[in-house]
Amino acid sequence: MKKLLFLVTLISIFAFSSACFAAGNSAALGVEEQNTDTMLSSLISGSYSNVEKFCSEDLKKTLNADTFKSLQSDITTHFGAMKETHLIAWERFDQGDRLTYLAAFEKEPAVACTFLFAKDGKLLNFSLSPLKANEQPASGDAASQPAE
């Protein structure tokens, strides 16, 4: 009976501790996802003041209201309007986190949107990179010839 009680207690401790770790991660992910959603929507049609509050001091030096407006114009020109986004990866590192989204735009069907966050939840950097399909080799290439 003592072994059974010990086993139940041990399982309860592990279950409780794993729930606590998951709660901490989900809170961090929730804040970072909310900031990323705000950033993506602001890049399409929003104001810099929505984004400025969660940017790191280093990012604010390079991304001010003027550069933000220019970035919005470039995104509209090259990508068009955003259709949808999907979170595809959340990676935790010692110094921060990286969220990667797959976004679909009018002119670019697949764009990787990567956001780097510090441990305090401040946005350190971000990038939007169109994804291109691999091209098939031409029929005259050596790679397409059968081996003899």
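Helices and strands here are DSSP runs, at least four residues for a helix and at least two for a strand, numbered from the N terminus. Keep that in mind, because labels such as β4 rest on that numbering. Leu131, for one, lies in the segment after β4. I will come back to that residue.

One caution before we start. This is a predicted model. Every value I quote is computed from it.

Overall layout, then. The protein has 4 helices and 4 strands. The order along the sequence is α-α-α-α-β-β-β-β. So what share of the 148 residues is buried? The figure is 27%. The accessible surface comes to about 10000 Å², and carbon and sulfur atoms hold 59% of that. On contacts, take the pairs with a separation of 6 or more. Of those, 44% join residues 24 or more positions apart.

Next, the core. The largest nonpolar core has 24 residues. Which of them touch the most other members? They are Met39, Cys113, Phe115, Leu123, Phe126 and Leu128. Several elements give two or more residues to this core: α1 (2-45), α2 (48-52), α4 (65-78), β2 (96-105), β3 (111-118) and β4 (123-130). Helices and strands both appear on that list.

Look at Phe126. Leave out residues up to four places away in sequence. Phe126 then touches Met39, Leu43, Leu63, Leu71, Thr114 and Phe115. Two of those partners, Met39 and Phe115, also stand among the core residues with the most touches.

Cysteines now. Cys113 has a relative accessible area of 0%, so it is buried. Cys55 sits at 2% and also counts as buried, because the limit is under 20%. How many disulfides does a search of the whole structure find? It finds 0. As a reminder, a disulfide is a covalent bond between the sulfur atoms of two cysteines.

On to the surface. Ile88, Leu102 and Leu131 make a nonpolar patch of about 260 Å². Here is Leu131 again, in the segment after β4. Is Leu131 buried or partly exposed? Its relative accessible area is 44%, so it is partly exposed.

Charges next. The count comes to 6 salt bridges. I will take three of them.

The first pair is Glu91 and Arg98. Their closest N and O atoms are 2.7 Å apart. Glu91 is partly exposed at 30%. Arg98 is partly exposed too, at 29%.

The second pair is Asp97 and Arg92, at 3.0 Å from N to O. The two ends of this bridge do not match in exposure. Asp97 is buried, with 2% relative accessibility. Arg92 counts as partly exposed, at 34%. There is also a network: salt bridges link Arg92, Asp97 and Lys119.

The third pair is Glu108 and Lys132, with the closest N and O atoms 3.4 Å apart. Why does this pair tie together parts that are 24 residues apart in sequence? Because Glu108 lies in the loop between β2 and β3, while Lys132 lies in the segment after β4. Exposure differs here as well. Glu108 is buried at 12%, and Lys132 is exposed at 63%.

Stay with Glu108. Set aside neighbours within four places in sequence. Glu108 is then in contact with His78, Phe79, Pro130 and Lys132. Phe79 is the partner to follow. The two residues are 29 apart along the chain, yet their C-alpha atoms are separated by 5.5 Å.

Where is Phe79 found? Its place is the loop between α4 and β1 (82-92). Phe79 has a relative accessible area of 9%, so this loop residue is buried. What does Phe79 touch, beyond residues up to four places away? The list runs Asp74, Phe105, Glu106, Lys107, Glu108, Val111, Leu128 and Pro130. Leu128 on that list is also one of the core residues that touch the most other members. There is a further C-alpha distance to note. Phe79 and Pro109 are 8.7 Å apart in space and 30 residues apart in sequence.

To recap. The core draws on α1, α2, α4, β2, β3 and β4. Glu108 bridges to Lys132, and Glu108 also contacts Phe79. The surface patch includes Leu131. Over to you for questions.

Terms used:
Residues are numbered from 1 along each chain as its sequence is written. This is a predicted model: local features need pLDDT of at least 70, side-chain atom pairs count only at pLDDT 80 or more; totals for chains, interfaces and linings use all residues. Side-chain values use heavy atoms; hydrogens and water are left out. Buried means under 20% relative accessible area, exposed over 50%, partly exposed in between (1.4 Å probe, protein chains only). Contact means heavy atoms within 4.5 Å. Accessible areas come from the Shrake-Rupley method with a 1.4 Å probe; for residues, only the protein chains shown count as cover. A disulfide is a pair of cysteine sulfur atoms within 2.5 Å. A nonpolar core is a set of buried Ala, Val, Leu, Ile, Met, Phe, Trp, Tyr and Cys residues joined through side-chain atoms within 4.5 Å. Patches are made of residues with over 30% relative accessible area and no salt bridge: like charges are joined within 9 Å, nonpolar side chains (Val, Leu, Ile, Met, Phe, Trp, Tyr) within 5 Å. A salt bridge is a side-chain nitrogen of Lys or Arg within 4 Å of a carboxyl oxygen of Asp or Glu.
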